[in-house]
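Trainee: I would like a close look at a single part of this model, followed outward into the rest of the chain. Please take it step by step.

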Amino acid sequence: MSHRFRLPRIIAHRCGGSLAPENTLAGLRASLARGIRAVEFDVMLSGDETPCLIHDETLERTTNGQGAVAHTSDALLFSLDAGQGERIARLAEALDFCARHDFWVNLEIKPAAGTDERTAALIAAQLPTLWPQAEQMLISSFSLTALAVMQEKLPHYRRGLLYETPPPDWLDHLHQLAASTLHCAAAAVDAALLEQAKAHAVPLLCYTVNDADAARSLLQRGISALFTDRPDRLSNL
């Protein structure tokens, strides 16, 4: 893997945090306008198996649509309002924007239930064309299956293990998947986890930290990077 791997300290959650509708191009524009060049977003397959940016398996919370994302055609999905007149973004559109503006990207594979392998395989098939600059991307997922597919198909793209609370055997999983980073909820960080990550030189990334003082404390304790819904508050750390 490339030795030029760059890990930013502050990463805008779901494209732009709370500065715009989540997982939209508006979020990317909001991050860009504030000089933020590191973003995270969630990728799921539509009913037509198009990789798109959305967090939930259902449409109700973040759009004016209804039902399962995995059962919604592209024609309908990409006509929906994802907030403030924005529509759901295709992965290709988001990565085109990020490439043109020199973003660093954490792509979280967010498969609908039962589609872990298929989702990862289709994303892996597109990434070499959409995002050849592997050193500027980190691929994470709660799905070990999805990460295993990425390991097999795109081994030179770095992978991050994602948990709410890391299990006792997280390091075994990290080694099995040849993953580079560990991601968890900020509330799950304790001295033992920090010590273990440090002892094995594993960067630890935490979500979702919106308070500047809390962020500063976590960074001082040895956290490598933070995901935030308020990049405007944390951008100077």
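Which residues of β5 lie on one side and which on the other, and are its faces covered or open?

Mentor: This is a predicted model, and that applies to everything below. Strand β5 has M137, I139 and S141 on one side, and L138 and S140 on the other. Each of these residues is buried, and both faces of the strand are covered. Counted by residue, five of the five in β5 are buried.

Consider the pairing of β5 next. Strand β4 runs parallel to β5, and four bridges join the two. Within this pairing, E108 is found opposite S140. The connection between the strands is α4, and β4, α4 and β5 together form a right-handed β-α-β unit. Strand β6, residues 158-162, also pairs with β5, again in the parallel sense and over four bridges. Here S141 of β5 has L161 of β6 as its bridge partner. The path from β5 to β6 goes through α5, and this β-α-β crossover is right-handed.

Now the packing around the strand. The largest nonpolar core of the model holds 32 residues, and M137 is one of those with the most contacts inside it, along with L28, F41, V105, L107 and L127. Strand β5 (137-141) supplies at least two residues of this core, as do its partner β4 (104-109) and the helices α4 (116-130) and α5 (144-153). The elements α1 (25-33), β2 (38-45) and α3 (91-100) each supply at least two as well. Helix α3 gives the largest share, five residues. As background, nonpolar side chains tend to be buried together in soluble globular proteins.

F41 shows how the core is put together. Leaving aside neighbours within four places in sequence, its contacts include L91, A94, L95 and C98, and also V105, N106, L107 and E108. E108 is also the residue that stands opposite S140 in β5. R14, C15, N23 and L53 are further contacts of F41. Apart from this core lies another, of 26 residues, including Y163, L182, A188 and L193.

Two of the residues in the loop between β1 and α1 deserve a note. R14 lies in that loop, and its phi is near 55 degrees, a positive value for a residue other than glycine. Because its relative accessibility is 17%, R14 counts as buried. T24 belongs to the loop between β1 and α1 too. Its relative accessible area is 0%, so T24 is buried. Beyond its neighbours within four places in sequence, T24 is in contact with C15, A82, E86 and R87.

E49 also has a positive phi, near 65 degrees, and is not a glycine. The residue sits in the loop between β2 and β3 (51-53). With a relative accessible area of 35%, E49 is partly exposed. Most residues other than glycine have a negative phi, and most peptide bonds are trans. The peptide bond from Y207 to T208 is cis, with omega near -25 degrees. T208 is placed in the loop between β8 and α8.

Strand β9, residues 225-228, can be set beside β5. A225 and F227 on one side of β9 and L226 and T228 on the other are all buried, and both faces are covered. Strand β1, residues 10-12, runs parallel to β9 and is joined to it by three bridges. A12 has T228 as its bridge partner in β9. Strand β8, residues 204-207, is likewise parallel to β9, with two bridges between them. In that pairing C206 is opposite L226. The chain passes from β8 to β9 through helix α8, residues 212-221, in a right-handed β-α-β crossover. G222 follows in the loop between α8 and β9, and its 44% relative accessibility makes it partly exposed.

As for the whole, the chain has nine helices and nine strands. A compact globule of 237 residues would have a radius of gyration near 18 Å, and the chain agrees with this at 17 Å. Its C-alpha trace spans about 50 × 40 × 30 Å along the principal axes. Buried residues account for 54% of the 237. Among contacts with a separation of 6 or more, 57% join residues 24 or more positions apart.

Conventions
Residues numbered from 1 in each chain as written. Predicted model: local features only at pLDDT ≥ 70, side-chain atom pairs only at ≥ 80, totals over all residues. Heavy atoms only, no water. Buried < 20%, exposed > 50% of the residue type's maximum accessible area, 1.4 Å probe, protein only. Pairing = 2+ DSSP bridges. Right-handed = clockwise from strand over helix to strand, strands pointing away. Rg over C-alpha atoms; globule rule 2.2 N^0.38 Å. Contact = heavy atoms within 4.5 Å. Core = buried A, V, L, I, M, F, W, Y, C linked by side-chain atoms within 4.5 Å.
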